Amino acid sequence: MAETFDLVVVGGGPGGYVGAIRASQLGMKVALVERENLGGICLNWGCIPTKALLRASEINHLLHTLDAYGFAADNIRFDFAKVVKRSRQVAGQLSGGVKHLMKKNKVSVFDGHGKLAGPGKLSVTKDGKPVAELAAKHILLATGARARVLPGMEPDGKLIWSYREAMTPAALPKKLIVMGSGAIGSEFASFYLNMGAEVTLIEVMDRILPVEDEEISAFVHKAFAKQKMQIITGARVQGVRKGADSITAIVEAGGKVQEITAGRMISAVGIVGNVEDLGLEGTKVKVDRTHIVTDAFGNTGEPGVYAIGDLTGAPWLAHKASHEAVICVEAIAGKHPHAMDVLNIPGCTYCRPQVASVGLTEKKAKELGHEVRVGRFPFIGNGKAIAMGEPEGLVKTVFDAKTGELLGAHMVGPEVTEMIQGYGIARTLESTEAELMHTVFPHPTVSETMHESVLDAYGRVIHI
């Protein structure tokens, strides 16, 4: 006999477990199926442990720049194994926290792989053996995504790393090649560079961080180069040649071919959805380029089957998945939630310097026909940033010249990932330049750069 629930969630990442909690809050009987670790990639192999590693690299950088603050330290060193161990401990702690939340919210957790087994049915197996048969009127797929693999350059666990090997290396490589300069590639490149490795960052597009505003991308490129990172854009890795303990990438860029040798190479060239072996055959669920197609509320083409998060496509962000899950579950419960505006989802990259953005880039706004007003404010004009010894940064705001609508905001500098939510709130509230100008920002804070950028767009900037 199948165990019956109101909702079964497949996947325990930041989309799945949040959806399960919200459904329980709304009075549903909920089951969650997870085949590996509660918290998914985000808590266990992505967002959280990488930030623990990046924090260590920030400390290492600070320790080597103590003289600027009037301090001195001798024989600065680190235990790389302990750096990695702490990252794993942080991930373990948070995964355990999700387990507690499931228990607290009376969500039944099944350890195994979930697969549709007919209308309103789901089978759960572990290592090929049956675990449970579940029945539910509503089944929410939140199985996430995984790293894209290029033919001939598949991660082998030794010379070519995926994000997993990059987070748990046995030792710090002296030289490293990072293929792909999106958020994942740039964060790993920044981490290893600041831990002392020689890093070459390779990007197929004509600029790094290609989804960001062009001005911000150029700022980060210059900052990385200043830190002595080697950057090759407009480049294609034609192939690799493996040695006993080294790897050589054959790179074509600008019509010229060069060979780059390093101890290890990280592949960070995109994302594909986990759509395999979900039992989608024979259903009306549509898959487009490894991602499930849904409407604004998570509905697929199959009645009673829903999908959210990385499984449904870009942007591949944990906070997008969580919010989508809440919207989907509230719609199932008849609560009539607002559909999510993708342009109001902030994007964050935790390299040094950090990058954060929300809304349209200046180029995209113009392409969509907006007449724009653009404001900029450099961190060098901010007292708190100078006092912190972190004057490297920029805030850029893009407004519609006719209506004053905040079309987009783009930031680069220390802790901008903590500040972008201010512009996110402004966009959610449909604020214009008037409300932002009349908002009082505390002094001295780095957030004052946000206010000054708005003022600059309208010829009222104070401190430059």
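**Helix crossing, cis prolines and a buried glutamate**

Let me begin with a pair of helices, helix 11 and helix 13, which are oblique to each other, and I should say at once that what we are looking at is a predicted model. The axes of helix 11, residues 416–428, and helix 13, residues 448–457, come within 10 Å and cross at roughly 45°; angles from 35 to 65 degrees fall outside the parallel and perpendicular classes and therefore count as oblique. The crossing of helix 11 past helix 13 is right-handed. On the helix 11 side the contact is made by Met 419, Gly 422 and Tyr 423, and these meet Met 450, Ser 453 and Val 454 of helix 13. Sorted by type, the residues of this contact are four nonpolar and two polar, with no charged residue.

I turn now to the backbone. Most residues other than glycine have a negative phi, and most peptide bonds are trans, and against that background there are four places I would like to point out.

Two of them are cis peptide bonds. One joins Ala 314 and Pro 315, with omega at about -5°, and Pro 315 sits in the loop that runs between strand 19 (305–307) and helix 8 (318–332). The other leads from Arg 352 to Pro 353, with omega near 5°, and here the proline, Pro 353, belongs to the loop between strand 20 (347–349) and strand 21 (354–359).

The other two are positive phi values. Asn 75, which is not a glycine, has a phi of about 55°; Asn 75 is found in the loop between helix 3 (47–63) and helix 4 (80–104), and with 59% relative accessibility it counts as exposed. Asp 127 likewise has a positive phi, near 55°, and is placed in the loop between strand 5 (121–126) and strand 6 (129–141), where its relative accessible area of 73% makes it exposed.

My last residue is Glu 203, in the loop between strand 10 (198–202) and helix 7 (214–226). Is Glu 203 buried or exposed? At 6% relative accessibility Glu 203 counts as buried, because the cut-off for buried is under 20%. Leaving aside residues up to four places away in sequence, Glu 203 touches Gly 180, Ser 181 and Gly 182, then Ile 208 and Pro 210, and finally Ile 232, Thr 233, Gly 234 and Ala 235. For Ala 235, which is 32 residues from Glu 203 along the chain, the C-alpha separation is 5.7 Å. A polar atom of the Glu 203 side chain also lies 2.9 Å from the backbone nitrogen of Met 205.

Terms used: Residues numbered from 1 in each chain as written. Predicted model: local features only at pLDDT ≥ 70, side-chain atom pairs only at ≥ 80, totals over all residues. Heavy atoms only, no water. Axes fitted to C-alpha atoms, helices over the stretch in contact; angles between N-to-C directions. Helix = DSSP H or I, 4+ residues; strand = E, 2+ residues; numbered from the N terminus. Parallel < 35°, antiparallel > 145°, perpendicular 65-115°, else oblique. Left-handed = near helix turned anticlockwise from the far one by under 90°. Contact = heavy atoms within 4.5 Å. Nonpolar A, V, L, I, M, F, W, Y, C, P; charged D, E, K, R; others polar. Buried < 20%, exposed > 50% of the residue type's maximum accessible area, 1.4 Å probe, protein only. Polar contact = N/O pair within 3.5 Å; in protein donor to acceptor, adjacent residues only side chain to side chain.
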